[in-house]
Amino acid sequence: MKKYLITSALPYVNGLPHLGHLIGCLLPADVYARFLRAKGEDVLFICGTDEHGTPSEVGAAKENMPVEEYCLKYHQLHVQMYEGFNLSFDYFGRTSSEQNKEIVYRIFEKLWQNGLVVEKTTRQVYSPDDGRYLPDSYVIGTCPYCGYEKAKGDQCENCTKVLDPIDLIHPKSAISGSDKVEIRETKHLFLQLPKLEQDLAEWIETKKGVWPDIAYSIAKKWLKEGLQERGITRDLKWGFAVPKEGYEDKVFYVWFDAPIGYIGITKQWADEKPTQRRFEDWWLNPDETIYTEFMGKDNIPFHTISFPATLKGTGENWTQVSMLKGLNYLNFAGGKFSKSEHRGIFLDDAIREFPADYWRYWLIANAPESDDTNFSFDQFAATVNKDLNDVLGNFINRVLKMTATNFGQQIPLLGNPTTTEKELYAALDSLIETYTKHLSQLEYRKAMSVLREIWVAGNNYLAQTEPWKVVKTDTDYAGTILNTALNLIRLYAHLSAPIMPQTAQKMIDIFEYPDNLAWPDAPMSVYLTKLPTGTPFQLIQPLFQKILPDRTAELKMRYKEE
RNA sequence: CGCGGGGUAGAGCAGUCCGGUAGCUUGCCAGGCUCAUAACCUGGAGGUCGUGAGGUUCAAAUCCCACCCCCGCAACCA
């Protein structure tokens with residue numbers, strides 16, 4: 001049996017995640033994992049916090065705590081927030097784990113043995129007052145081209161010229177503000193990507209039409225420009241020590257150990273039950289494993305080029321990515337979400353305002369698949385009110401109440417289906433097939449528009465059959481209609497579960513009938529007759545609440561949406 | 001100057017690969033229904049498809065050329 005390995009890009013531990021992080025990789029991955037599990041597939045869904053690097057060191061210093069403590073604190077906050085959104089990771093680990101260290105060393109040694117690692121001397125900016133080397137973007141100064149005074153060492157935001165921090169006039173540290181900076185020569189290890197280029201290019205060519213255009217074209221762009229040797233070490237303290245002489249003060253670069261973290265975290269998972277689980281079954285098993293990665297567009301080069309090259313370079317038979325979903329950005333009020341300026345909606349705020357499923361539905365229905373997408377409370381409210389409350393929530397409510405009034409709180413007898421029911425079965429069979437196809441292909445917006453059609457089909461069925469009239473003249477047929485409608489509620493629960501797990505559970509719990517959230521596996525002529533006659537059901541509070549204009553206005557004020 | 005994505009009805013999007021009556025959601029207008037949460041169902045109006053009296057073609061949103069605008073990337077912030 002095929003195994004489905006799913007990873008979401010690892011959120012950087014520094015600071016708190018916002019809606020952009022959620023839709024950028026975590027949530028689409030979760031929906032896919034839930035969908036495959038519902039279909040009965042063997043799924044392993046892995047994620048965790050990416051912890052090494054300068055931003056963590058700087059963040060820890062700001063909060064005046066050791067970096068290990070700082071990372072643990074934020075790791076736990078991430079865990080809490082993702083639990084709040086019901087992300088169904090099989091394991092949520094950390095790139096700083098012992099297990100990851102073990103895998104990083106193993107891969108590094110192989111690359112070393114294969115002659116793919118070389119030493120080069122580079123010139124880096126050192127700040128004595130900070131006691132550290134400064135990454136390019138942590139050096140600020142005057143742009144030599146346009147005179148802009150706050151140019152960053154990697155690029156001038158004013159004239160967009162790409163810079164070398166060494167070229168800045170009056171350079172100073174972005175951390176302490178100190179202008180006592182010096183250029184030092186320092187040795188680093190580089191991975192020789194050019195040696196792997198040919199191999200990589202052939203492999204990527206097989207992904208044409210398989211990966212989304214955005215991923216394929218970005219990978220091709222990098223190949224076209226030619227791969228360069230890539231530094232895999234840094235002059236930092238927070239990271240895995242480089243196990244080579246002369247590198248005692250250096251650690252592996254965060255972008256080297258972060259993707260390897262997928263494997264390291266899988267080993268964390270396996271080590272919890274060593275007699276039952278092996279990371280090798282997933283990661284050194286390419287023939288049986290279908291590996292799907294989710295990430296924001298900025299991450300695509302690392303997942304299509306650097307990481308596959310790293311694995312290939314070992315000469316070992318690692319599982320490589322087969323499906324890859326790259327997403328664009330979610331913007332807020334015309335601009336980016338920002339961690340540093342705390343601009344936008346963060347997950348702790350989001351969950352305080354509305355149930356997780358409201359967000360999950362909106363985000364998936366508006367996933368930034370082809371372009372950046374803008375979040376606005378007006379649109380959010382409109383979607384929640386219409387799709388969730390009016391179309392789905394109201395359908396359930398009207399069916400339950402109508403049945404309770406006319407037949408009591410139990411499933412009425414199903415008579416022989418008429419042409420109308422048969423047409424409904426056929427329409428749904430076709431819609432569900434399309435819906436399933438879109439989810440399999442990770443086409444979320446299309447999938448959601450079909451799901452909505454499926455919900456509308458229920459309301460349409462009632463409009464056509466008018467059970468409130470029929471009940472006065474033909475009780476038996478009215479019972480058949482409502483029986484069918486009640487079965488539709490169950491169907492909707494199953495189909496909605498990957499996107500709205502909590503709501504789906506509530507829908508299932510309406511009926512006193514043992515059920516799970518398995519994917520429909522039979523034609524509707526069978527599937528919509530499953531609830532046994534006489535099964536008791538409960539009248540529940542409406543599943544959703546409308547977001548009224550006053551509330552929307554208040555939200556816009558609170559979150560500063562212009 | 002480079003690279004990637006985008007520009008289609010008031011708003012949000014699909015359609016472009018493979019040319020053939022311009023589609024969906026929301027909003028607006030009208031009708032139906034009255035079981036349900038002022039909800040549901042149906043119909044209608046609304047677009048020179050960024051620009052070019054460009055090119056190819058019987059036919060262009062779609063292919064080719066030139067240009068304009070928006071967003072992102074450029075190896076260290078999803």
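**View 1. Helix α12 gives the largest share of the surface near RNA strand B, with 10 residues.** Welcome to a predicted model of a protein with RNA. Helix α12 is not the whole story, though: the elements that give two or more residues to this surface are α1 (19–38), α6 (213–225), α12, α14 (444–465) and α15 (467–473).

**View 2. Here is the surroundings of RNA strand B, made up of 47 residues.** The residues that come nearest to the strand are P135, Y253, D298, R398 and K401. Look at the RNA side too: sugar and phosphate account for 64% of the RNA atoms that come within 4 Å of the protein. On the protein side, the surface near the strand divides into 19 charged, 18 polar and 10 nonpolar residues.

**View 3. Three side chains meet three kinds of RNA atom.** Start with R398, where an N or O atom of the side chain is 2.4 Å from a base nitrogen of RNA strand B. Next, find H21: an N or O atom in its side chain is 3.2 Å from a sugar or linking oxygen of the strand. Finally, K546 places a polar side-chain atom 3.2 Å from a phosphate oxygen of RNA strand B.

**View 4. Helix α12 has a kink.** Follow the helix through residues 377–407 and you will find a kink of about 35°, centred on N394. Just after α12 comes G408, and its phi is positive, near 80°. While you are here, remember that this helix also supplies 10 residues to the surface near RNA strand B.

Note on methods: Residues numbered from 1 in each chain as written. Chains lettered and ligands numbered in written order. Predicted model: local features only at pLDDT ≥ 70, side-chain atom pairs only at ≥ 80, totals over all residues. Heavy atoms only, no water. Bend = angle between axes of the 7 residues up to and from the residue. Helix = DSSP H or I, 4+ residues; strand = E, 2+ residues; numbered from the N terminus. Near = heavy atom within 4 Å. Polar contact = N/O pair within 3.5 Å; in protein donor to acceptor, adjacent residues only side chain to side chain. Nonpolar A, V, L, I, M, F, W, Y, C, P; charged D, E, K, R; others polar.
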